[in-house]
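Student: Could we go through this model together? I would like to start with what counts as a contact.

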Amino acid sequence: MEEDIYLHKLNLRNVKPTAIRLLILRTMMEMNRAVSQPDLEEKLQTVDKSTIFRTISLFLDRHLIHAIDDGSGALKYAVCSDDCTCSVSDQHVHFYCEGCHRAFCFRSQAVPVVQAPEGFVLHGVNYVLKGLCPACAARPDKD
């Protein structure tokens, strides 16, 4: 049953499975890309914006999702894999499409390791490739 997938993900991160949390998680997974809060607000017009914000904050805190700063001015969020702890070693490459303004997770491509100088403590890495996704690259009117 499809609902079991969402319940499993919430339970794995000790998130109480309310109807709204299930709806937001399902929507994020069905969109199959990194989404911004405005993306979720547009898709879930019957859900209060503050509820979406609080749910995103909870999901981030429990490492159910990770945030992506793709340079577009709005953070994007993507659902983590079950074994992700959101540590630097779990970071992966993201791709920002300059045509459709969507962000994609390249989960199979780890962020290149960069040694910070002595005394610096690394908490996160943001590695974003920019260009055109396959759909935008195939359009005849592309740049």
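Tutor: A polar contact here is a pair of N or O atoms within 3.5 Å; within protein, one must be able to donate a hydrogen and the other to accept it. Please keep in mind that this is a predicted model.

Student: Which side chain does the side chain of Thr 51 make a polar contact with?

Tutor: Its partner is the side chain of Arg 54, at 3.3 Å. That distance counts as a polar contact because the cut-off is 3.5 Å.

Student: And where is Thr 51, and is it buried or exposed?

Tutor: Thr 51 is in helix H4. Thr 51 is buried, because its relative accessible area is 19% and buried means under 20%.

Student: Which element has the highest mean pLDDT, and which the lowest?

Tutor: Helix H4, residues 49–61, has the highest mean among the elements of the chain, at 96. Strand S5 has the lowest, at 83. For the chain, the average pLDDT is 88, and 94% of the residues score at least 70.

Student: Changing topic: how many aromatic pairs does a search of the whole structure find?

Tutor: The search finds one aromatic pair. Phe 95 and Phe 106 form this pair, with 5.8 Å centre to centre and 20° between the planes.

Student: Why is the pair of Phe 95 and Phe 106 called stacked?

Tutor: Planes under 30 degrees apart count as stacked, and the angle in this pair is 20°, so the term applies.

Student: Where do the two rings sit in the chain?

Tutor: Phe 95 lies in strand S4 (residues 92–97) and Phe 106 in strand S5 (residues 103–110). The two residues are eleven residues apart, and the pair links distant parts of the chain.

Student: What about the accessibility of Phe 95 and Phe 106?

Tutor: Phe 95 counts as buried, at 13% relative accessibility, whereas Phe 106 is partly exposed at 28%.

Student: One more topic, the backbone. What is the phi of Asn 32?

Tutor: Asn 32 has a positive phi of about 55°, although it is not a glycine. Most residues other than glycine have a negative phi. Asn 32 belongs to the loop between helix H2 (19–31) and strand S1 (35–36), and counts as exposed at 66% relative accessibility.

Student: What is the phi of His 63, and where is that residue found?

Tutor: The phi of His 63 is positive, near 60°. His 63 is found in the loop between H4 and strand S2 (65–68). With a relative accessible area of 31%, His 63 is partly exposed.

Methods
Residues are numbered from 1 along each chain as its sequence is written. This is a predicted model: local features need pLDDT of at least 70, side-chain atom pairs count only at pLDDT 80 or more; totals for chains, interfaces and linings use all residues. Side-chain values use heavy atoms; hydrogens and water are left out. Rings of Phe, Tyr and Trp (its six-membered ring) pair if their centres lie within 6.5 Å; planes under 30 degrees apart count as stacked, over 60 as edge-to-face and the rest as tilted. Helices (H or I, at least four residues) and strands (E, at least two) are DSSP runs, numbered from the N terminus. Buried means under 20% relative accessible area, exposed over 50%, partly exposed in between (1.4 Å probe, protein chains only). pLDDT is the predictor's confidence in each residue, from 0 to 100.
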